[in-house]
Amino acid sequence: MKGAFKTIALVGKYNSPEIAKPLLKLADFLAARGVAVMIDKFTGAHIGKSPYPVRELEVMGAEADLAIVLGGDGTMLNIARTFAPFEVALVGVNQGRLGFLTDISLDTMYETISAILDGQYVTEDRMLLQGEVLRGGKSEGEVLAFNDVVISKGTEGNMVELEICIDGESICNQRSDGLIVATPTGSTAYALSAGGPIVHPSLSVISLTPVSPHTLSNRPVVVSGSSTVEVVMRNDSDARVHFDSHSHYALQEGDHVRVRRYSHTISLLHPIGHSYYRMLREKLNWNRD
């Protein structure tokens, strides 16, 4: 993460015109604090004329010290993947529904961001995954994922047959509707609905959660974040691999999906007093009568 926040990138929820008003008000607030403000290209298309420069995301990543995202967790996922190589810290203002990543409300936005600019915040570093599809030993492409890499059955509806290897050792063969390879961040996403464990984001681990396995002995497994997970396709059943539901590849029999921890982390900034466990209680309605 970079030092003082002199240049801030503002990113709004994709294709959301209603984000324009609060985003421009926030830009004015930041400018009044003496901060240079830039707005991402896709958000700028919805706000019309403004005194703030509009930039491509990659350009913003290279120039900004901090990015404030107004949107939901989906918006944060996309920005985290893009900004991770640049070590740009992220702040999330919730415009979505659950908001596991975007934990600041619009009602407290100015107060909280003002405190962050004054250095009153806590930092949470989160890991990403780097996935690669190999066919005949040759790479078909590499993609980053903040939540998860998911292998799933296709439209034909047949189970997929997988061989799962950890650090070169074959662990098991599995017939199922799919497999979720998740970061701790992704443990509260699709993996949670599939029965996977909730993993604290401070841990450097990778969880593997089967989706509707044919054999009940196929259970979720958590491995070290330094591990390399390799999944070999043992049948050709119109399977797909998805990276944060953002990028996807069609898979064939014999393909390998290799997943390892990405070399960079992404830093999320939270208000003083932020508690991951309190967030879980609120979002998951724990301790409710």
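Is Asp 244 buried or exposed? I looked that up before anything else, bearing in mind that this is a predicted model. Asp 244 turns out to be buried, because its relative accessibility is 8%.

**Entry 1: Asp 244 and its partner**

I then checked what the carboxylate of Asp 244 pairs with. Its side chain meets that of Arg 81 in a salt bridge, 2.7 Å from N to O. The two residues sit in distant parts of the chain, 163 residues apart. Asp 244 lies in the loop between strand S15 (240-243) and strand S16 (247-250), while Arg 81 belongs to helix H4 (residues 73-83). I looked at the arginine's surface too: Arg 81 has 10% relative accessibility, so it counts as buried.

**Entry 2: other salt bridges**

How many salt bridges are there by this rule? The count I got is 10. I looked at a couple of others.

Glu 163 and Arg 234 form one, with 2.3 Å between N and O. This pair also links distant parts of the chain, 71 residues apart: Glu 163 is in strand S9, and Arg 234 is in the loop between strand S14 (228-233) and S15. The burial is uneven here. Glu 163 is buried at 13% relative accessible area, whereas Arg 234 is partly exposed at 43%.

Glu 124 and Arg 126 make another salt bridge, their closest N and O atoms being 2.7 Å apart. I noted that both of these residues are buried.

**Entry 3: a buried glutamate without a salt bridge**

Glu 132 caught my eye next. It is in strand S6 (residues 122-135). This residue is buried but has no salt bridge. Which side chain of opposite charge is nearest to Glu 132? It is that of Arg 258, 4.1 Å away. A salt bridge needs the nitrogen and oxygen within 4 Å, so this pair does not make the list.

I did find a polar contact for the glutamate: the side chains of Glu 132 and Ser 139 are joined at 2.9 Å. Skipping neighbours within four places in sequence, I listed what Glu 132 touches: Ser 139, Gly 141, Glu 142, His 256, Val 257 and Arg 258.

**Entry 4: the nonpolar cores**

I moved on to the nonpolar residues. Nonpolar side chains tend to be buried together in soluble globular proteins. The largest nonpolar core here has 26 residues, and Leu 10, Leu 30 and Ile 68 have the most contacts inside it. Two or more residues each come from strand S1 (7-12), helix H1 (20-32), strand S2 (36-40), strand S4 (66-71), strand S5 (89-94) and helix H5 (109-117). H1 gives the largest share, five residues.

I picked out Ile 68 for a closer look. Not counting residues up to four places away in sequence, it touches Ile 8, Ala 9, Leu 10, Val 11, Leu 26, Leu 30, Val 91, Val 93 and Ile 113. There is also a second, separate core of 25 residues, with Leu 129, Leu 162, Leu 179 and Ile 206 among its members.

**Entry 5: Val 211**

Val 211 is in strand S12 (residues 205-211). At 11% relative accessibility, it counts as buried. I compared sequence and space for one pair: Val 211 and Ser 176 are 35 residues apart in sequence, yet their C-alpha atoms are 6.1 Å apart. With neighbours within four places left aside, the contacts of Val 211 are Ser 176, Asp 177, Gly 178, Leu 179, Ile 180, Tyr 190 and Ala 194.

**Entry 6: helix H7 and what follows**

Which residues of H7 are buried? I found Tyr 276, Met 279 and Leu 280. They span an arc of only 100° around the axis, so they lie on the same side of H7. S6 is included in what covers them. At the start of H7, a side-chain oxygen of Ser 275 comes to within 3.4 Å of the backbone nitrogen of Tyr 277.

After helix H7 (276-283) comes the segment with Asn 285. Its phi is positive, near 55°, though Asn 285 is not a glycine. Asn 285 is partly exposed, at 43% relative accessible area.

**Entry 7: another positive phi**

Asp 167 is also a non-glycine residue with a positive phi, about 50°. I located Asp 167 in the loop between strand S9 (160-166) and strand S10 (169-176). Its relative accessibility is 52%, so Asp 167 counts as exposed.

Methods:
Residues are numbered from 1 along each chain as its sequence is written. This is a predicted model: local features need pLDDT of at least 70, side-chain atom pairs count only at pLDDT 80 or more; totals for chains, interfaces and linings use all residues. Side-chain values use heavy atoms; hydrogens and water are left out. Helices (H or I, at least four residues) and strands (E, at least two) are DSSP runs, numbered from the N terminus. Buried means under 20% relative accessible area, exposed over 50%, partly exposed in between (1.4 Å probe, protein chains only). Lys and Arg count as positive and Asp and Glu as negative; His and the chain ends are not counted. A polar contact is a pair of N or O atoms within 3.5 Å; within protein, one must be able to donate a hydrogen and the other to accept it, and residues adjacent in sequence count only if both atoms are side-chain atoms. Contact means heavy atoms within 4.5 Å. A nonpolar core is a set of buried Ala, Val, Leu, Ile, Met, Phe, Trp, Tyr and Cys residues joined through side-chain atoms within 4.5 Å. The arc is that of the directions from the helix axis to the C-beta atoms.
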